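Trainee: I would like a close look at a single part of this model, namely the sheet and what packs around it. Please take me through that part slowly.

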Amino acid sequence: MTRLIFLGPPGSGKGTQAQILAQDLNIPHISTGEILRQAMQEQTPLGIKAQYYVNSGELVPDELVQDLVQERLSQPDTQSGWILDGFPRKVTQAVFLEKLLAETDQNGERVVNLDAPDDVVVARLLARGRKDDTEEVIRRRLEVYRAETAPLIDYYRDRQKLLTVNGDQPQEEVTQELRDLIAS
Ligand code: ADP
């Protein structure tokens with residue numbers, strides 16, 4: 001049973017790595033960013049509420065993402081494990097998740113901190129060119145990451161759930177390191 005949370009700055013490669021591992025393990029890759037972008041594209045009520053925040057690099061209000069994660073983690077395909085990518089992104093969300101997992105008997109999650117320096121992640125994001133990857137929005141996402149998300153590193157380290165991987169190496173090497181870590 002693998003339950004993994006991916007932490008790391010935007011551009012650290014967590015989405016790519018999470019997808020590869022999820023495929024390896026045959027468990028769902030749950031990316032809150034992807035779910036939100038899909039909802040925006042379809043202009044669902046969630047997408048309409050989220051779009052201002054996503055497009056400006058701000059965090060979407062907790063309630064919206066918490067509801068979507070709760071809903072997603074209640075689907076039958078999550079019974080054999082999951083990888084969460086982009087959630088939690090702040091301490092209040094981590095507290096929510098901890099409670100949700102305890103209540104639904106889904107404990108034993110581990111947290112991978114995929115780290116990479118600012119200059120590396122900015123270069124990768126500019127090359128990627130997603131709609132919210134303009135220089136200004138990237139800068140804001142990094143600020144929000146430092147202020148709101150990075151504190152989760154200590155939060156999970158204190159709870160002895162943290163694994164750290166250097167995201168500043170070739171993609172295949174990151175994947176191999178992750179596979180070794182998860183197997184151990
Ligand atoms: P990146 O990895 O480049 O930061 P994501 O796809 O993970 O991109 O997220 C894109 C955007 O979706 C974020 O900038 C934010 O607006 C929104 N978002 C995703 N997950 C969350 C979350 N857990 N809480 C609040 N907002 C979120």
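Mentor: What follows goes from the sheet to the helix on it, then to the aromatic rings and the nonpolar cores. Keep in mind throughout that this is a predicted model.

Start with the sheet. It is open and has 5 strands, in the order β2-β3-β1-β4-β5, with parallel pairing. The two edge strands, β2 (29-31) and β5 (162-166), each pair on one side only. From one strand to the next, the twist averages 20 degrees.

Now take one pairing in detail. Strand β4, residues 110-115, runs parallel to β5 and is joined to β5 by 5 bridges. One residue to find here is L114, whose bridge partner in β5 is V165. Helix α8 packs on the sheet, where α8 touches β1, β4 and β5. The direction of α8 makes about 145 degrees with that of β1.

Next, look at the rings. The structure holds 2 aromatic pairs. One of them is Y52 with Y53, an edge-to-face pair with 5.3 Å centre to centre and 70 degrees between the planes. Y52 counts as exposed because its relative accessible area is 56%, and the cut-off for exposed is over 50%. Y53, at 27%, is partly exposed. The pair of Y155 and Y156 is also edge-to-face, with 5.0 Å between the centres and 85 degrees between the planes. Both Y155 and Y156 are buried. The ring of Y155 has a further neighbour: the charged end of R159 sits over that ring, 3.7 Å from its centre.

Y156 leads on to the nonpolar core. In soluble globular proteins, nonpolar side chains tend to be buried together. The largest nonpolar core here has 27 residues, and those touching the most other members are L73, L97 and Y156. Several elements each supply at least two residues of this core, among them the strands β1 (2-7) and β3 (81-85) and the helix α8 (151-158). The helices α2 (32-42), α3 (45-56), α4 (62-72) and α5 (91-103) do so too.

L73 is a useful residue to select on screen. Leaving aside residues up to four places away in sequence, L73 touches I30, T78, W82, L97, L100, L101 and Q106. A second core, separate from the largest one, has 14 residues, including I83, L114, V174 and I182. L114 is thus a residue to revisit: it belongs to this second core, and its bridge partner in β5 is V165.

How values were computed:
Residues numbered from 1 in each chain as written. Predicted model: local features only at pLDDT ≥ 70, side-chain atom pairs only at ≥ 80, totals over all residues. Heavy atoms only, no water. Core = buried A, V, L, I, M, F, W, Y, C linked by side-chain atoms within 4.5 Å. Buried < 20%, exposed > 50% of the residue type's maximum accessible area, 1.4 Å probe, protein only. Helix = DSSP H or I, 4+ residues; strand = E, 2+ residues; numbered from the N terminus. Contact = heavy atoms within 4.5 Å. Phe/Tyr/Trp six-rings, centres within 6.5 Å; stacked < 30°, edge-to-face > 60°. Lys NZ or Arg CZ within 6 Å of the ring centre and 35° of its normal. Pairing = 2+ DSSP bridges. Axes fitted to C-alpha atoms, helices over the stretch in contact; angles between N-to-C directions.
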